[in-house]
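Student: I should like to take a close look at one part of this structure. Could you please guide me through a single strand and its surroundings?

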Amino acid sequence: MRAAPFDFFFQSTALSTFFILCSLATNEIPTISGAPAGKIVQPPKPNILKQGCPSDLLHSRALRSIQLACRTHPATVISAFEGVQEGLQNCANRLRFQQWDCSEAGNIMHDPPLLRQGFRESSLIWALSSASAAWGVATACAQGWIDDCACNNQMGQNEYEFGGCTHGVQHGITASRKLLTKVGAVNTLLRKVEKHNLKAGRLAIKKTLISSCKCHGVSGSCQQKTCWKRTATLEHITDYLVEKYARAKLYTDDSVVKTTDLIYLEASPDVCKAKSVAGRVCAWRNETHTQGDCDRLCCGNGFSIRHEVVRVKCDCEFVWCCNLVCKDCIQHRWISTCNGTPPKSLIF
Amino acid sequence: MAGGAVIENLSNRKLFVIFAGLLVIQIMFFLIGAWYAPSPSSYMEFEMITCRDETKGLSGEWIHRDNCQQISELSEYTPSSFDLREIVFIAKMPHTRDGIELEYSPWFQFLLGVLHVDVEYSEHFKYVAHAPLELEVRMGYRDKESKKNEWKELVTSNVTRILECTIAEDEKKAGGTYDCDMLDLFELGSSSYPFYLINIRIPINQQACQFDNKSANCQIGKLTGLRLIEIHQNGGFTLVWLWTKTFMTPVVAICLWWYYNRINQLARNPLLLERAILLLGLSLVILDFPIEWISLTYRIPFLLLISDLRQGLFYTVLFSFWLIFAGEHLIDDNTRNNLKSYRFNLSFIITASLGLLIYDLIERGIQLYDPFYSVWSSPTGSQIAYFAIFISAISTVAYFIFLFFKIARVWSTIKSKRSAQIYQTSENRRLKVEGVIYRFKFLMLFTLLCSAFTIAAYFMKQYGEAQLHGDEARDGFLTGSTSAFFTGAFGMCNIYVLLLLAMYAPSHKHYRGASQLIDENDDDEIMEDPSNQHTESNAMTTFLKPSTD
């Protein structure tokens, strides 16, 4: 006889929880309203890197360094681009129920309109793009996808034999700086703020490094110790920068700012006037969790609640031989969506 | 009975000059490590690629970067096999950097692999403390002449480890990560091949999980990735180290040979203390001998084990020498010059050495056949290892307690000797006793000085590596400081033994009177024997010599 169902839940196998997670993943509320459900299927990474840069990056007018790098190091540009995309997605998830939620910000390599203004939101996008590009390149280097990652000093096999190659994440940071820093003699205040925030993003990578050490030697004693550093996950870096964004500072000529702080030039525009919130998911609730604040997000336009009944697999059990048998469970969810009609003028 | 040693016949001025010279040599050893050698070791990080193998390993095909069907998000992957053997984690070592395919070199002396498991918080994948983790590891190698993806089998092993993770309270949410301890993955005693490829599978036996949820891989939580860190000794450090050894070996050997000749020229049998010093010098020659040059030409993976054994031998002899030296200076002890009287104390050193020897033979010995072996991965091995280390630690503590006890007795004996009445009245006896005291004090201070430096160097190594490691620290002077402490400690060790051999060799000034040396207990004979006048005259001259320098 089986004990209480609660006991059985904790004995679920890893495989069954795989299926549970897949079921939950397919029923997850969309992060962007109207976006296609599910994840876009990507071809394997080797093929992406071999194809070279897509045309929008190859002919990028805003960042000439990207054009040049696409011809010499396309794999690095692609890794940086994908890192930025992932960073923006993390930001959207993180700020999902805030008024400004990082969506429609646009990739920095496409020179989006937001980055031509000195808003507080621009500072976060600059820093996050810089950090994400560095993270993407560093991760691709650690995975061995990119062959032209550099060591800390220019070297060949002889230098590697002599002193090793402790590239760490430095190559990613260098690549991010070279790809995203605009060249030219324009010396406006906006350009200065941009450079500062890009640097703050690169410093965010360094501030969140995780240090580890290993003792080795005679009988495993600590006769010798070797230490290394690795990047935090992009989620942690995004959290770090979102905290900085919450405490960003208005920049004036006589401001004294730390290199790790985010700075901006103009007050943020009113999101309620800038773009339509019609159809936006403003809250989400199931039997145990509630998230979101519709009154604030919907700009007073009211919202409607949609009741959903989701069928999920639960209590999966492995049956000999090679069969996974699950029960079908019902889960209730309530999705709140903003009412309203789009205004006539759009700033973004 | 005391044979005169060189140190008793040196003036303070000469002794000071010798010490100053040795200090300069010591500083030179330190600077060689600081200037010429890079840091002792370096690492390379491999974030393992996750690939899908439709054959589930049955085809025997190697999975590498070029034929990898990448699984970009492991947690969103729907497996098609019930034991997940189709999921393969891949690392090709070393990386290509700056467009150059780097190679491992025999100068690296060893390759060490550490595995870090990335586990994400999940309400569905339950991580349980002390979770058993079993990896199917397959390691291949490739020569320089082989084609690019033509890998040969090196070793295949089922690796069992215990996964220890903790998580902060604020991380217990979607996307939070566990903080997991590092796992020892492999240790190769030599860097034999230029390229390696690692394929790792983490199979799950569903039936076993149903029956016993403590089976392997059932409680490891939501695995998001594997990260491999490879550590090796830098070739530049190996170069400096080998040349330092090559330079020092003949110096120590010549000094040892000279000492041996001095002992042989004596008309008497060598004392126990003299034999102990001889053995210490011999063990240092064995330790210094640069046998590692062979590893640059031939693949000899057990050289790492041999080096461990040589270090163990040297420290065993050193600790035994300290005990004998202290014991031989108990002036009134009638059991001197007899190895049997030290049997009880020496047994502690022998026990500690044997314990560590067993542990090292198990760990490094088995790793010669299976580099993925860890003595801690099996219950029996863990018990043996714990027992060996425990016994060694207890024996070492007991040894030091007895050593300090014996040293305390020597100091109290010295005090009582100086206050004794006979010390005041007999010139010849006082000179002998004073010589014994002088020898003891000198070595005691010198040993304390060397021990303090060695311990300081050890902690500076730890601090330097942990604190100075960083992307910008590479260009500073302190980059090589860790190597400096290695060469500094090595130099001090050699200087210590060389000074013992030089200072405690029998003095040639006693050669002519050797046959006339009389046991110190026979005071009456000294006074009555007319031929002893010459001996007394020699002693008087020796005593007066320092005053005139």
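Tutor: The following account concerns one strand of chain B and then turns briefly to two other features.

Please keep in mind that this is a predicted model. The part to examine is strand S7 of chain B, which spans residues 131-142. This strand is mostly covered, since ten of its twelve residues are buried.

S7(B) pairs with strand S8 of chain B, residues 152-163, through eleven bridges, and the two run antiparallel. One point of contact may be located by name: Gly140(B) has Glu153(B) in S8(B) as its bridge partner. S7(B) is also joined to strand S12 of chain B, residues 195-201, by seven bridges, again in an antiparallel arrangement. Here Glu136(B) stands opposite Arg201(B) of S12(B).

Elsewhere in chain B there is a nonpolar surface patch of about 390 Å², made by Leu309(B), Ile350(B), Leu354(B), Leu357(B) and Leu361(B). Helix H6 of chain B, residues 343-367, supplies the largest share, namely four residues. Leu309(B) lies in helix H5 of chain B, residues 303-328. Leu309(B) has a relative accessible area of 35%, so it counts as partly exposed.

Chain A offers a further feature. The disulfide between Cys213(A) and Cys227(A), listed in UniProt, is formed in these coordinates, with 2.2 Å from S to S. Cys213(A) belongs to strand S1 of chain A, residues 210-216, and Cys227(A) to strand S2 of chain A, residues 224-230, the two cysteines being 14 residues apart. Cys213(A) is partly exposed at 31% relative accessibility, whereas Cys227(A) is buried at 1%.

Technical notes. Residues numbered from 1 in each chain as written. Chains lettered and ligands numbered in written order. Predicted model: local features only at pLDDT ≥ 70, side-chain atom pairs only at ≥ 80, totals over all residues. Heavy atoms only, no water. Buried < 20%, exposed > 50% of the residue type's maximum accessible area, 1.4 Å probe, protein only. Pairing = 2+ DSSP bridges. Disulfide = S-S within 2.5 Å. UniProt positions renumbered as here; feature names shortened; annotations may be inferred. Patch = residues over 30% accessible without salt bridge, like charges linked within 9 Å, V, L, I, M, F, W, Y side chains within 5 Å. Areas by Shrake-Rupley, 256 points an atom, 1.4 Å probe, with all protein chains shown as cover. Salt bridge = Lys/Arg side-chain N within 4 Å of Asp/Glu carboxyl O.
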